[in-house]
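This report describes how two chains meet and how the sheet within each of them is arranged. Please consult the sequence and the structure shown here while reading the account below.

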Number of protein chains: 2
Amino acid sequence: MSFTEYPSKLLENAVNEFASLPGIGRKTAFRLVMSLLKRDPAEVEKFGESIIKLHREIRYCRICHNLSDGEVCSICSDEKRDKSLICIVESIQDVMAIENTRQYRGVYHVLGGVISPVDGVGPADLKIDSLEEKVRQGGVSEIIFALSTTMEGDTTNFYLYKRLNKYDVSISTLARGVAIGDELEYTDEITLGRAISNRNPYHQ
Amino acid sequence: MSFTEYPSKLLENAVNEFASLPGIGRKTAFRLVMSLLKRDPAEVEKFGESIIKLHREIRYCRICHNLSDGEVCSICSDEKRDKSLICIVESIQDVMAIENTRQYRGVYHVLGGVISPVDGVGPADLKIDSLEEKVRQGGVSEIIFALSTTMEGDTTNFYLYKRLNKYDVSISTLARGVAIGDELEYTDEITLGRAISNRNPYHQ
């Protein structure tokens, strides 16, 4: 839609902002803005302020680089979490995915991505120095690699292994295999191959 | 997802706000907020401010009730538009849809809905008095009904007709028929029936 077709510049600005979000087209953006217009003004102000505050006030945990409201995130400051067990993830989303399992009682280290020469991401762009420093200082017994099973993820795992294996720390990686609920027929051959070679003793 | 799973309250607030929009689930809301977090802070502030300004500063045209940046909208204040021809529509979206055709040179009157006893919308909830007043004052030669072809739309058409036909104004309605590009086979029977009874002379 061209410029002149919006009855108001304010409306157009708001639509443009929503349409700049990933996966939101102009039609959806317009629909969202119209729904905001129908709301209570106070509610809409709260919406706008939550976005402004988000960037202005949010912090990254100085220990694990996870999102945080303070200097140290709620996971790193939790007395009950095992600080000697560090799970290495790419992003904040991955922290949330693992937290959702409610099975992990260690802490995290958010790299902020994976090594990807194609995208111009090298080791220096990731939070690797602070990870090595943490391990060097001692008190870490195990590192779990939980990166994507892509070439970039594997490259990053290999690079991290090279940097960390000189320290007295055991390094593990997430188990790979057939997903629970998946049918063998539809499992890709690489996963299935790994599941066979990494087979476990059968417990009755 | 429950409360504790977000690493930050600010993040959670922003996700909640986005998830309150129609058609946006929690996963999408989270993805949108994460994309905002990756942006330049100045850009994100602009986003938030465009939403706050939207409600605070937007006006409705005092003549046609369309959205407007000032007291009178750009259509009503356009010298080239024919003020004696008024198209009655339900919503601002309908004004935009007709404007997109670039075929209409008259003005509009936005009712703000249709009469719908089921939803508790009566004539008094719509901008009907101001429409009648406009017609009563004279200078209007034709009124075009462009409401939905639903029972509510038809009821509203009938109600408006009753109120306006005592004035010296011709009243018309949008042509109904087979949509351009549509195949007869897939056209619903009511539309097809109307298209037959309203058939036009063939021009070669």
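Two residues are said to be in contact if their C-beta atoms, placed from the backbone, lie within 7 Å. The model described here is a predicted one.

**Contact between the helices α1(A) and α3(B)**

With that criterion, A:Leu10, A:Leu11, A:Asn13, A:Ala14 and A:Glu17 of α1(A) meet a set of residues of α3(B), namely B:Phe47, B:Ser50, B:Ile51, B:Lys53, B:Leu54 and B:Glu57. Sorted by class, the residues of this contact comprise six nonpolar, two polar and three charged.

Two packed helices are described by the angle between their axes and the distance between the axes. For α1(A) and α3(B), which spans residues 41-57 of chain B, the angle is about 150 degrees and the axes are 9 Å apart. α1(A) is therefore roughly antiparallel to α3(B), since angles over 145 degrees count as roughly antiparallel. The crossing of these two helices, α1(A) and α3(B), is left-handed.

**Contact between the helices α3(A) and α2(B)**

A second packing involves α3(A) and α2(B), the latter covering residues 26-37 of chain B; here the angle is about 50 degrees and the axes lie 10 Å apart. That angle makes α3(A) oblique to α2(B). The crossing of α3(A) and α2(B) is right-handed. On the side of α3(A), the residues involved are A:Ile51, A:Leu54 and A:His55, and they meet B:Val33, B:Leu36 and B:Leu37 of α2(B). This contact of α3(A) with α2(B) has five nonpolar residues, one polar residue and no charged residues.

The two helix packings are set out below.

| Helix pair | Angle between axes | Distance between axes |
|---|---|---|
| α1(A) and α3(B) | about 150 degrees | 9 Å |
| α3(A) and α2(B) | about 50 degrees | 10 Å |

**The contact as a whole**

How many residues does the contact take from chain A and from chain B? Chain A gives 45 residues and chain B gives 44 residues. On the side of chain A that touches chain B, at least two residues each come from α1 (9-19), α2 (26-37), α3 (41-57), β2 (67-68) and α4 (92-101) of chain A. Of these, α3(A) gives the most, with 14 residues. By class, this side of chain A has 23 nonpolar, 11 polar and 11 charged residues.

**Relation between the two chains**

A turn of 180 degrees, with a shift of 0.0 Å along the axis, lays chain A on chain B with an RMSD of 0.1 Å. This is the relation of a two-fold axis. The same surface serves both copies, as 98% of the contact residues of chain A recur in chain B. Which residue of chain A comes closest to the rotation axis? That residue is A:Gly48, whose C-alpha is at 2.1 Å from the axis.

**The sheet of each chain**

Strands of a sheet pair through backbone hydrogen bonds, either parallel or antiparallel. In chain A, four strands form an open sheet in the order β4-β3-β5-β6, with parallel pairing. The edges are held by β4 (106-110) and β6 (170-173) of chain A; each has a single partner strand, so one side of each is left without a neighbour in the sheet. From one strand to the next, the twist of this sheet in chain A averages 30 degrees. Within the sheet, β3 (residues 82-89) and β5 (residues 142-145) of chain A run parallel and are joined by four bridges. A:Ile88 has A:Phe145 in β5(A) as its bridge partner.

Chain B likewise has an open sheet of four strands, with the order β4-β3-β5-β6 and parallel pairing. At its edges stand β4 (106-110) and β6 (170-173) of chain B, each with a single partner strand, so one side of each is without a neighbour in the sheet. The twist in chain B averages 25 degrees from one strand to the next.

Strands β3 (residues 82-89) and β5 (residues 142-145) of chain B pair in the parallel sense over four bridges. Along this pairing, B:Cys87 has B:Ile144 in β5(B) as its bridge partner, and B:Ile88 stands opposite B:Phe145 in β5(B). β5(B) also pairs with β6(B) in the parallel sense, over four bridges. In that pairing, the bridge partner of B:Ile143 is B:Ile171 in β6(B).

How values were computed: Residues numbered from 1 in each chain as written. Chains lettered and ligands numbered in written order. Predicted model: local features only at pLDDT ≥ 70, side-chain atom pairs only at ≥ 80, totals over all residues. Nonpolar A, V, L, I, M, F, W, Y, C, P; charged D, E, K, R; others polar. Least-squares fit on C-alpha atoms with pLDDT ≥ 70 in both. Axes fitted to C-alpha atoms, helices over the stretch in contact; angles between N-to-C directions. Parallel < 35°, antiparallel > 145°, perpendicular 65-115°, else oblique. Left-handed = near helix turned anticlockwise from the far one by under 90°. Pairing = 2+ DSSP bridges.
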